[in-house]
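Colleague: Before I trust any of the labels on this one, could you walk me through how they were assigned?
Modeller: Sure, have a look first and then ask away.

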Amino acid sequence: MENFRKVRSEEAPVGGGAEGGGPSPGPFADLAPGAVHMRVKEGSKIRNLLAFATASMAQPATRAIVFSGCGRATTKTVTCAEILKRRLAGLHQVTRLRYRSVREVWQSLPPGPTPAQEPGEPAASLSVLKNVPSLAILLSKDALDPCQPGYQPPNSHPAPSSQPTAPTFKRSLGEPAADEGSAKRSQHEPGATEEHRTA
């Protein structure tokens, strides 16, 4: 693949989609109409996603939010959901994992200016169909069915960040650690005589 570059990536159509060939309804078909859907991408900034999600969930009309991401964005999706659960207590969670088919179109790179290929001639392309993991996390203020797979009740324990921690001391790069400096001071210098040691 070193002689190809990715031109575009698109979701491949699936056979069990909605009528008319439209997009599938997603893993949560019975969501309320006011639910917020956050699509997490690989390049998304967590602070931007959480700022919007927190502001949306602060409104009384918003009862649920869905974070969804696929491929390399799945870890960022989990991070966003976990941080929002710590910020807003009492959220019920349902997690769904599935696979999505993604079609990547790759185009060959020209080896250099060659007189054999005319400027208007299209480059050779390659289409690759990949199955990538997709994760969707529903966070709801209202109680959900605890018997459904992937359900997690609200966290009843306080967040670890609210517990007091032991103070830590910072030191600069050239500075020895506290116990390291005292050990150096208690050592005797190699050329010292006995009378200097006792004095």
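**Two helices and a strand residue**

Modeller: This is a predicted model, and I'd begin with a helix pair: the axes of α1 and α2 cross at roughly 40° and come within 10 Å.

Colleague: What makes α1 oblique to α2?
Modeller: Angles under 35 degrees count as roughly parallel and 65 to 115 as roughly perpendicular. The crossing of α1 and α2 is roughly 40°, so α1 is oblique to α2. As for handedness, α1 passes α2 in a right-handed crossing.

Colleague: Which residues of α1 and α2 meet there?
Modeller: From α1 there are Ile46, Leu49, Leu50, Ala53, Thr54 and Met57, and they meet Lys76, Thr79, Cys80, Ile83, Leu84 and Arg87 in α2.

Colleague: How do you know that the span of α2 agrees with what it should be?
Modeller: The expected span is 1.5 Å times one less than the number of residues. α2 has 14 residues, so it should span 20 Å, and its end C-alpha atoms are 20 Å apart, which agrees. For α1, residues 46-58, the 13 residues reach 18 Å from first C-alpha to last, close to the 18 Å expected.

Colleague: Which residues of α1 are called buried?
Modeller: Leu49, Leu50, Ala53, Ser56 and Met57. The label needs under 20% relative accessible area.

Colleague: And why are the buried residues of α1 said to line one face of the helix?
Modeller: Seen down the axis of α1, they fall within an arc of 130°, so they line one face. The general background is that an α-helix has 3.6 residues a turn, so residues three or four places apart point the same way. On the face of α1 turned away from the buried side sit Arg47 and Ala58, both exposed.

Colleague: What covers the buried residues of α1?
Modeller: The cover includes β2 (36-39), β3 (64-70), α2 (74-87) and β5 (125-140). In α2, the buried residues are Thr74, Lys76, Thr77, Cys80, Ala81, Leu84 and Lys85. Those pack against α1, β3, β4 (92-108), β5 and β6 (151-152).

Colleague: Now to β5, where valine 128 is found. Why is valine 128 called partly exposed?
Modeller: Buried means under 20% and exposed means over 50%. Valine 128 has 25% relative accessibility, so it counts as partly exposed.

Colleague: What does valine 128 touch, leaving out residues up to four places away in sequence?
Modeller: Val102, Arg103, Glu104 and Trp106. Also, valine 128 and serine 9 are 119 residues apart in sequence, with 9.5 Å between their C-alpha atoms.

How values were computed:
Residues are numbered from 1 along each chain as its sequence is written. This is a predicted model: local features need pLDDT of at least 70, side-chain atom pairs count only at pLDDT 80 or more; totals for chains, interfaces and linings use all residues. Side-chain values use heavy atoms; hydrogens and water are left out. Helices (H or I, at least four residues) and strands (E, at least two) are DSSP runs, numbered from the N terminus. Buried means under 20% relative accessible area, exposed over 50%, partly exposed in between (1.4 Å probe, protein chains only). The arc is that of the directions from the helix axis to the C-beta atoms. Contact means heavy atoms within 4.5 Å. Axes are lines fitted to C-alpha atoms, for helices over the stretch in contact, and angles run from 0 to 180 degrees between N-to-C directions. Angles under 35 degrees count as roughly parallel, over 145 as roughly antiparallel, 65 to 115 as roughly perpendicular and the rest as oblique. A crossing is left-handed if the near helix is turned anticlockwise from the far one by less than a right angle, and right-handed if clockwise.
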